[in-house]
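Here are my notes on the model you sent. They are set out as numbered points, with the pairing of strands taken up at the start.

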Amino acid sequence: MKPAAKDTDAYISEFPEDIQEKLQVIRNTIRQAAPEAEECINYGIPTFKIHGNLVHFAAYKTHFGFYPGASGIAEFKKELEPYNTAKGTVQFPLDKPLPLELISDIVIFRLDENIRNAKPTRKKK
């Protein structure tokens with residue numbers, strides 16, 4: 001078993017060039033929708049965080065995994081019907097165009113949700 005990538009660039013570099021390009025497109029789509037979010041590796045895959053985990057994404061043998069959590073899947077259930085979904089994940093086939101507008105909409109929804117649910121920080125006296 002190889003060690004987990006230390007950052008998103010390292011993770012993406014582990015894949016063939018055509019997959020790298022699509023991973024960069026997913027990454028840039030998320031970044032445009034949530035420019036203040038911090039990038040990191042969490043659960044061994046690229047993650048964007050702001051007031052907690054926002055979304056994760058990954059590449060596999062037959063699909064890209066996109067992980068907006070259960071609320072993101074539930075909110076966009078109708079739009080996600082063409083794809084395999086589970087409680088907090090959706091699979092986008094490698095051989096089909098990526099639904100970039102839908103990814104962006106889900107990220108914006110999750111960003112709004114995280115901001116709404118963020119605990120206010122206490123001011124020091």
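1. In which sense do strand 2 and strand 3 pair, and over how many bridges? The pairing is antiparallel, and three bridges make it up. Please keep in mind that this is a predicted model. Within this pair, Lys-49 stands opposite Asn-53 in strand 3. The two strands form a hairpin, with three residues between them. His-51 sits in that turn and has a positive phi of about 55°.

2. Strand 3 has a partner in strand 4 as well. Four bridges join these two strands, and they run antiparallel. One pair to look at is Ala-58, whose bridge partner in strand 4 is Gly-65. The link from strand 3 to strand 4 is again a hairpin, made through three residues.

3. How much of strand 3 is buried? Six of its seven residues are, so by the cut-off of under 20% relative accessible area the strand is mostly covered. As background, side chains in a regular strand alternate between the two faces of the sheet.

4. Now the whole sheet. Six strands form an open sheet in the order 1-2-3-4-6-5, with antiparallel pairing. Its edges are strand 1 (38-42) and strand 5 (84-86), each of which pairs on one side only. On average, neighbouring strands are turned by 20° against each other, direction ignored.

5. At one edge, strand 5 is joined to strand 6 (residues 89-93) by three bridges. These two strands run antiparallel. Here Thr-85 stands opposite Val-90 in strand 6.

6. Which helices lie across strand 3? Helix 2 (residues 17-33) is one of them, and it also lies across strand 1, strand 2 (45-49) and strand 4 (63-67). Helix 2 runs at about 170° to strand 3. Helix 4 (residues 100-117) lies across strand 3, strand 4 and strand 6. Its angle to strand 3 is about 150°.

7. For orientation along the sequence, count four helices and six strands in the chain. They follow the pattern α-α-β-β-β-β-α-β-β-α.

8. Is Pro-82 buried or exposed? It counts as exposed, because its relative accessibility is 62% and the cut-off for exposed is over 50%. Pro-82 is found in the loop between helix 3 (69-75) and strand 5. Pro-82 and Phe-92 are ten residues apart in sequence. In space, their C-alpha atoms are 9.2 Å apart.

9. On overall dimensions, the chain has a radius of gyration of 15 Å. A compact globule of 125 residues would have a value near 14 Å, so the two agree. The C-alpha trace spans about 55 × 35 × 25 Å along its principal axes.

10. Next, burial and surface. Of the 125 residues in the chain, 42% are buried. The chain exposes about 8000 Å², and carbon and sulfur atoms supply 52% of that area.

11. Last, contacts along the sequence. Among contacts with a separation of 6 or more, 49% are between residues 24 or more positions apart.

Technical notes
Residues are numbered from 1 along each chain as its sequence is written. This is a predicted model: local features need pLDDT of at least 70, side-chain atom pairs count only at pLDDT 80 or more; totals for chains, interfaces and linings use all residues. Side-chain values use heavy atoms; hydrogens and water are left out. Two strands pair if DSSP finds at least two bridges between them. Axes are lines fitted to C-alpha atoms, for helices over the stretch in contact, and angles run from 0 to 180 degrees between N-to-C directions. Contact means heavy atoms within 4.5 Å. The radius of gyration is taken over C-alpha atoms; the globule rule is 2.2 Å times the number of residues to the power 0.38. Buried means under 20% relative accessible area, exposed over 50%, partly exposed in between (1.4 Å probe, protein chains only). Accessible areas come from the Shrake-Rupley method with a 1.4 Å probe; for residues, only the protein chains shown count as cover.
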